[in-house]
Amino acid sequence: MDMLWSGWGDPARATPLPDTVIGLLRDLLGVTPREAGPVALEDLDVPESPLPPAAHRALIAALGDEAQVRTDAETRVRHTRGKSTPDLLRIREGDIADVPAAVLLPAGHDEVLAVLRVCAEHGLPLVPFGGGTSVVGGLAPARPGAFVALDLRRMDSLLDLDPVSRTATLQPGLRAPRAEALLAEHGFTLGHFPQSYEWATIGGFAATRSSGQASAGYGRFDEMVLSLTLATPEGTLDTGRAPRSAAGPDLRQLVLGSEGAFGVITSVTVRIRPVPQTRVYEGWHFPSFEEGSAALRRLAQDGPRPTVLRLSDETETLIGLAQPDAIGSGVPQPAGCTAVAGYEGTDEDTAHRRERAAAVLRECGGRHLGEEPGRRWAHGRYSAPYLRDALLDAGAFAETLETAAFWSRVPGLYAAVRDALTATLTEAGTPPLVMCHISHVYENGASLYFTVVSARGEDPVAHWTRAKHAANEAVLAAGGTISHHHGVGTDHRDWYVREAGPLGIDALRAVKRRLDPAGLLSPGVLLPAD
């Protein structure tokens with residue numbers, strides 16, 4: 001099944017907002033319903049493919065099948081940009097300026113290499129495409145002219161599983177639910193469950209340094225990767241042959257987070273763990289975000305660390321985003337902040353960690369809310385993108401951004417980003433609701449995930465561009481990183497250049513020149529285009 005071309009996910013799961021929420025948006029933010037919905041797919045004015053005939057013939061030869069070089073309008077539209085709110089607003093209005101000239105579907109590593117050779121020969125830019133879930137402009141190259149999208153969906157197998165070492169080798173086009181199902185047949189789990197879980201792919205997780213909602217227990221995806229294979233215009237790069245090594249710098253780190261700028265990931269070997277006997281999630285209440293943050297820091301630093309640990313601020317708790325399925329349901333939301341703690345593992349270990357963690361949380365001022373808030377969170381953990389689409393349909397603007405910092409900087413970072421968003425959008429005449437939660441915790445710091453809802457205004461994309469610019473400036477000034485798990489793409493690129501520094505960027509440019517001499521892979525993504 002393909003994702004909804006003008007929104008998120010499965011079209012059958014799209015549900016309108018309850019009348020109570022629409023009334024709240026009207027009264028609180030001045031949101032007015034839209035008179036017209038998105039342009040119909042069949043009404044889009046899609047130009048003929050500009051793919052040069054010689055390149056077209058060479059790509060067919062590389063893939064061995066004309067059917068795997070697709071130039072029809074619908075396939076190309078479905079591979080246009082990603083799923084950020086500006087992406088969706090533009091495509092809903094019929095803006096398909098970034099439509100690829102063709103969509104290519106290789107079946108394996110050798111076919112990817114063959115495609116890259118053709119693209120190099122014909123000067124044809126190429127963008128790898130997994131689940132299409134990028135929210136940072138990672139799928140639209142910053143280079144004029146025709147380009148092709150390399151859809152990896154046919155590369156969707158479990159290549160190898162080593163139960164003794166507890167490793168699995170997966171192809172990049174494997175979507176996360178299918179990967180979990182294949183591993184479960186052998187009694188294992190990857191344990192990686194980001195909000196994009198239902199649609200994102202293994203290759204995308206590696207290319208963007210994804211972080212799942214259970215990262216407190218299972219770790220980030222880049223921590224799970226033991227080795228990987230990269231196809232480049234200059235050949236194949238294989239990295240990693242042992243769980244740890246002192247044989248020079250770790251070349252895996254050049255590939256992880258590279259977002260298609262250096263090559264195409266064609267296989268990933270990851271650590272796996274036994275399917276847990278028990279999964280239990282529960283809610284906790286804290287009087288303030290400050291007190292809740294201190295409690296999460298205590299668990300992250302001194303333990304016991306739950307598998308899932310997150311905290312919504314006062315506004316997010318009040319609105320109900322701490323438990324998305326409760327929005328509009330009439331379930332009262334308590335004043336203060338809601339935290340979710342989840343535990344996965346053996347029955348004995350889970351019970352022991354849960355008991356010890358509960359003692360710490362109570363000591364830090366937490367009040368146990370039982371398992372119902374945890375169950376609601378778990379049931380709705382992938383619902384937020386659908387809620388975003390429903391808000392857009394109702395005439396509102398909704399978008400997210402995230403960052404991370406060391407614990408000592410988290411309070412200042414939280415205030416700085418919230419203030420920047422509020423001030424910029426208020427000045428534009430669309431005063432927002434700005435909500436936030438701690439989504440991932442570490443011994444030394446945490447990630448902050450912001451959600452912004454406002455009226456659209458006359459030009460919502462321009463309004464958001466100014467607000468995001470102000471927020472990015474606030475992130476760097478407050479000592480945060482420009483991205484914790486969404487990646488760099490084109491949206492964060494200019495601030496990433498400043499974060500990495502001139503020498504760091506020069507080093508990465510040197511790597512790109514060696515692996516992609518013509519600069520054809522994802523131009524303008526991660527690094528400025530030459």
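How many salt bridges does a search of the whole structure find? I began here, and the search gave me 25. A reminder to myself before going on: this is a predicted model.

**Entry 1: a pair around helix α4**

I looked up Asp 95 and found it in a salt bridge with Arg 90, with 3.0 Å between the closest N and O atoms. Next I checked how open the two partners are. Asp 95 has a relative accessible area of 28%, so I noted it as partly exposed. Arg 90 is partly exposed too, at 26%.

**Entry 2: a pair within helix α14**

Then I turned to Arg 375, which forms a salt bridge with Glu 372. Their closest N and O atoms are 3.3 Å apart. Why is about one helical turn the separation of Arg 375 and Glu 372? Because they sit three residues apart in helix α14, which runs over residues 372-379. Both ends came out partly exposed: Arg 375 has a relative accessible area of 47%, and Glu 372 has 38% relative accessibility.

I followed this pair outwards and found that Arg 375 and Glu 372 belong to a network of salt bridges. Its other members are Glu 282, Arg 354, Glu 371 and Arg 376.

**Entry 3: a pair between two helices**

My next stop was Glu 473, whose side chain meets that of Arg 498 in a salt bridge, 2.7 Å from N to O. Glu 473 belongs to helix α17 (residues 460-477) and Arg 498 to helix α18 (residues 493-500), so this contact ties together parts 25 residues apart in sequence. On accessibility, I wrote down 28% for Glu 473, which is partly exposed. Arg 498 also counts as partly exposed, at 47%.

**Entry 4: the cavities**

How many cavities of 30 Å³ or more does the whole structure hold? I found two.

The largest cavity has a volume of about 40 Å³. I listed its lining as Ala 176, Ala 179, Glu 180, Leu 190, His 192, Tyr 197, Ile 202 and Phe 205. Helices α6 (176-184) and α7 (202-208) each supply at least two of these residues, and α6 gives the most, with three. By type, I have six nonpolar residues, one polar and one charged.

The second largest cavity comes to about 30 Å³. Around it I found Leu 401, Glu 402, Lys 468, Ala 471, Asn 472, Val 475, Ile 482 and His 492. The elements giving two or more residues to this lining are β16 (396-406) and α17. Which of the elements has the largest share of the lining? That is α17, with four residues. So I met α17 again here, after seeing Glu 473 in it. The lining divides into four nonpolar, two polar and two charged residues.

**Entry 5: the second largest pocket**

Last, I looked up the second largest pocket and noted about 480 Å³ of space in it. Of its 28 lining residues, Met 1, Asp 2, Gly 130, Gly 131 and Arg 153 are the closest to the centre. Which element gives the most to this lining? Helix α4 (residues 85-92) does, with three residues. For the make-up of the lining, my count reads ten nonpolar, eight polar and ten charged.

Conventions
Residues numbered from 1 in each chain as written. Predicted model: local features only at pLDDT ≥ 70, side-chain atom pairs only at ≥ 80, totals over all residues. Heavy atoms only, no water. 1 Å grid on protein atoms, 1.4 Å probe; cavity = no way out; pocket = protein on both sides within 12 Å on 5 of 7 lines; lining within 4 Å. Points joined across faces, edges and corners; volume = space filled by probe spheres on them. Nonpolar A, V, L, I, M, F, W, Y, C, P; charged D, E, K, R; others polar. Salt bridge = Lys/Arg side-chain N within 4 Å of Asp/Glu carboxyl O. Buried < 20%, exposed > 50% of the residue type's maximum accessible area, 1.4 Å probe, protein only.
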